[in-house]
There are 2 protein chains.
Amino acid sequence: MESQDLKKAGLKATLPRLKILKFLEASQVRHMSAEDVYKAMLENGDEVGLATIYRVLTQFEAAGLVTRHHFDEGHSMFELNQGSHHDHILCVKCGRVDEFMDPVIEEQQHKIAEAKGYEMTDHALYIYGICPNCRKSGKK
Amino acid sequence: MESQDLKKAGLKATLPRLKILKFLEASQVRHMSAEDVYKAMLENGDEVGLATIYRVLTQFEAAGLVTRHHFDEGHSMFELNQGSHHDHILCVKCGRVDEFMDPVIEEQQHKIAEAKGYEMTDHALYIYGICPNCRKSGKK
DNA sequence: GTTGGAAATGCGAAACTCTATCATTTCACT
DNA sequence: AGTGAAATGATAGAGTTTCGCATTTCCAAC
């Protein structure tokens, strides 16, 4: 009963919110824009207004249910929070996204923030490159 | 004669491009959006169309003269390439931007890319936090 | 120096993502 | 079931960036 998850997050268990949460959980694609979610749900027969998708994803983010990423300028990508924290490495040719977690980097970031007198609240790390497949096929 | 710099970068030495390059070099502010550049140049009496600012900054980026940053969603920030590579730490309260360079992190990134089979082309690292000033004044 | 043509510019319109407005509907609680 | 608060949906609007095209500028050859 996902409605419990929403209540726990401080959100009223409305039909659109439930549909979106279920959709994210069922999706094979881990990273999606609001537009992606909107279109995919439409095809699924679940009609939810685009404005609602944006609102709900923002609320989910505030509630810690999803994370918002800025892989590239222009639009936000959302990822359901499951499993543990990780950063991303992206292919500039095909858009493929892989995940990694590096304790050394995580620790260094805290050290840097401390050295600069900052209280660290968040961080974003993206490595861009050419993925194994694209290197092999040698696409320009 | 900055026109040499442009020629070297493979760009025709036009008046707007020269003006923009000179402006960036003279500016005390290191990070600016296209709109920032446009307005500041207007006040300076250098009128260059906004579309041209966007085009030229994008060309400068391709030529390696400037770097484009995505500090937050919504708009790109540009920085003239002078001095060496560095990453950024940003205050979420006041927008202050500091720079740092950490050899350990740089090296780890290459290792990660290699381990994942990627050919690394670029990376972006932003640490977000509360800067010393904002911590002292305890602003919410 | 002129001049011819390619390249760049400037303007407005348009694309794109995201937010605001507000009438209507839905949820939760008696 | 009834009621009030909150959420939704549709559309308009805001903000950033790009596009299309007429005009201007650069530059190299005469």
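The legends below describe close-up views of a predicted model in which two protein chains, A and B, are shown with DNA strands C and D.

**View 1. The protein surface around DNA strand C.** DNA strand C is surrounded by 21 residues, and the closest of these come from both chains, namely Tyr54(A) and Ser76(A) together with Thr14(B), Thr52(B) and Arg55(B). Where atoms of DNA strand C lie within 4 Å of the protein, 75% of them belong to sugar or phosphate, and the rest belong to bases. Sorted by class, the residues of this surface divide into seven nonpolar, seven polar and seven charged.

**View 2. Polar atoms of the protein beside the backbone of DNA strand C.** On chain A, the side chain of Tyr54(A) places a polar atom 2.7 Å from a phosphate oxygen of DNA strand C, while for Ser76(A) a polar backbone atom is 2.7 Å from a phosphate oxygen of the strand. On chain B, an N or O atom in the side chain of Lys12(B) is found 3.4 Å from a sugar or linking oxygen of DNA strand C. The elements that give two or more residues to the surface near this strand are α4 (50–63) of chain A and, from chain B, α2 (15–26) and α4 (50–63).

**View 3. The protein surface around DNA strand D.** There are 22 residues around DNA strand D, of which Thr14(A), Thr52(A), Arg55(A), Tyr54(B) and Ser76(B) come nearest. Among the atoms of DNA strand D that come within 4 Å of the protein, sugar and phosphate account for 73%. The surface near DNA strand D is made up, by class, of eight nonpolar, seven polar and seven charged residues.

**View 4. Chain A residues beside the phosphates and a base of DNA strand D.** A polar backbone atom of Gly49(A) is 3.1 Å from a phosphate oxygen of DNA strand D, and a polar side-chain atom of Thr52(A) lies 2.7 Å from a phosphate oxygen of the strand. Arg55(A), by contrast, is shown beside a base, with a polar atom of its side chain 2.8 Å from a base nitrogen of DNA strand D. Two or more residues each are given to the surface near this strand by α2 (15–26) and α4 of chain A and by α4 of chain B. The largest share, four residues, comes from α4(B).

**View 5. The surroundings of His31(B) in chain B.** His31(B) is placed in strand β1 (residues 31–32) of chain B, and it counts as buried because its relative accessibility is 12%, where buried means under 20%. The side chain of His31(B) makes a polar contact of 3.3 Å with the side chain of Glu79(B), and a further polar contact, of 3.1 Å, joins the side chains of His31(B) and His88(B). With neighbours within four places in sequence left aside, the residues in contact with His31(B) also include His69(B), Phe71(B), Met77(B), Phe78(B), Val97(B) and Glu99(B).

**View 6. The largest cavity and its lining in chain A.** The count of cavities of 30 Å³ or more comes to one, and the largest cavity holds about 70 Å³ of space. Its lining is formed by Leu24(A), Ser27(A), Val29(A), Arg30(A) and Met32(A), together with Glu79(A), Leu80(A) and Gln82(A). By class, these lining residues comprise four nonpolar, two polar and two charged.

Definitions and conventions. Residues are numbered from 1 along each chain as its sequence is written. Chains are lettered from A and ligands numbered from 1 in the order in which they are written. This is a predicted model: local features need pLDDT of at least 70, side-chain atom pairs count only at pLDDT 80 or more; totals for chains, interfaces and linings use all residues. Side-chain values use heavy atoms; hydrogens and water are left out. On a 1 Å grid over the protein atoms alone, a cavity is a set of points where a 1.4 Å probe fits but cannot get out, and a pocket is an open set with protein on both sides within 12 Å along at least five of seven lines; lining residues have an atom within 4 Å of a point. Grid points are joined across faces, edges and corners, and a volume is the space filled by probe spheres set on the points. Ala, Val, Leu, Ile, Met, Phe, Trp, Tyr, Cys and Pro count as nonpolar, Asp, Glu, Lys and Arg as charged, and the others, Gly among them, as polar. A residue is near a molecule or strand if one of its heavy atoms lies within 4 Å of it. A polar contact is a pair of N or O atoms within 3.5 Å; within protein, one must be able to donate a hydrogen and the other to accept it, and residues adjacent in sequence count only if both atoms are side-chain atoms. Buried means under 20% relative accessible area, exposed over 50%, partly exposed in between (1.4 Å probe, protein chains only). Contact means heavy atoms within 4.5 Å.
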